Amino acid sequence: MKGVVLSLPARGRRRSVKQDFSLDVFLKRNLTTILFTLAFTAGFVWGAMVSLKADEEFLGKMDFLFTTNLDSRLSMGVLSSFAAHFASNFIFFAACALCGLSPWGVGALPFILAFKGFGTGLSAVYLISTYGLKGIGFYIVVVLPGAFICSMALIFMCSECGRTSVKLARWIFFDSEGAKPFLLVAKKYLAGCVRFLFIMALGAVCDMFLWSFVSKLFF
């Protein structure tokens, strides 16, 4: 009798595969990431439109953050190339990390991602409009891999920063006794930021290799 009782299926514990993979569940679990991806995409479109009308002076001023001066980037050494690509992404990383530690930071994150997308679109259209088919090949082979790694890392990092910012706001304004558990969340948050920084460093290494060696196949 005991064996029969133990073999009976527990009611309410089974979940259908259809429920696990439904659109509603997917959107609920990934809504923040989707919204930040849309912000990045909007910035990309904005940057592409601006690049069509931008002059050389404007593009030159944006080169410290984005690839808008091909000659200067190609003339860099291996270590200088790594430093340039890593530094430009570190600025966005630092801004997002600080937003995660502010109760109002979640409101600024979409604008940071939109500006990152703006630069990505600006660089893409600049290369394509200036160099034609060669620019398309150069962007896909040399620029896109590192840019994709760093952009995706930044999007997922913003999702983590946004959740931490909301938790901080809730604990500050609605739950004054939540300071102690927030210290544990902050520790986990900072560890996550270090992981995202490591991924961005890998993206900079990818850029360094492609710009230092593969770019010579095009220019």
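This passage describes the helices, core, salt bridge, cavity and pocket of a predicted model.

The chain contains 8 helices and 0 strands, and its elements follow one another along the sequence as α-α-α-α-α-α-α-α. Of the 219 residues in the chain, 39% are buried. Among contacts between residues at least 6 apart in sequence, 82% join residues at least 24 apart.

Helix α6 comprises 23 residues, from 78 to 100. At 1.5 Å a residue this helix should span 33 Å, and its end C-alpha atoms lie 33 Å apart, so the expected span and the model agree. Buried positions in α6 are S81, A84, H85, S88, N89, F92, F93, C96, A97, C99 and G100.

The largest nonpolar core is made up of 38 residues. Within this core, the residues with the most contacts are C96, L109, L113, L127, F138, M157 and M200. Two or more core residues come from each of α3 (23-53), α6, α7 (109-173) and α8 (179-212). Helix α7 provides the largest share of the core, 19 residues. The surroundings of M157 illustrate how residues distant in sequence meet: leaving aside residues up to four places away in sequence, M157 touches F93, C96, A97, C193, F196 and M200. Of these partners, F93, C96 and A97 are among the buried residues of α6, while C96 and M200 are, like M157, among the residues with the most contacts inside the core.

The count of salt bridges comes to 1. This salt bridge joins the side chains of E160 and R163, with a nitrogen-to-oxygen distance of 3.0 Å. Both residues belong to helix α7, and because they are 3 residues apart, about one helical turn separates them. Neither partner is buried: E160 has a relative accessible area of 25% and is therefore partly exposed, and R163, at 41%, is also partly exposed.

Another position in helix α7 is F148. With a relative accessible area of 52%, above the 50% limit, F148 is classed as exposed. The C-alpha atom of F148 lies 8.2 Å from that of G203, although the two residues are 55 apart in sequence.

Internal space was examined next. The structure holds 1 cavity of 30 Å³ or more, and the largest cavity encloses about 230 Å³. Its lining consists of 19 residues, of which L65, T67, K116, V143 and A147 are closest to the centre. Helices α6, α7 and α8 each contribute at least two residues to the lining of the largest cavity. The most come from α7, which gives 10 residues to this lining.

The largest pocket has a volume of about 190 Å³. Of the 13 residues lining this pocket, E56, L59, T68, Y126 and T130 lie nearest its centre. Two elements, α4 (56-61) and α7, give two or more residues to the pocket lining. The largest share, 4 residues, again comes from α7.

Helix α7 thus recurs through the description: this helix gives the largest share of the nonpolar core, the most residues to the lining of the largest cavity and the largest share of the lining of the largest pocket.

Methods: Residues numbered from 1 in each chain as written. Predicted model: local features only at pLDDT ≥ 70, side-chain atom pairs only at ≥ 80, totals over all residues. Heavy atoms only, no water. Expected span 1.5 Å × (residues − 1). Buried < 20%, exposed > 50% of the residue type's maximum accessible area, 1.4 Å probe, protein only. Core = buried A, V, L, I, M, F, W, Y, C linked by side-chain atoms within 4.5 Å. Contact = heavy atoms within 4.5 Å. Salt bridge = Lys/Arg side-chain N within 4 Å of Asp/Glu carboxyl O. 1 Å grid on protein atoms, 1.4 Å probe; cavity = no way out; pocket = protein on both sides within 12 Å on 5 of 7 lines; lining within 4 Å. Points joined across faces, edges and corners; volume = space filled by probe spheres on them.
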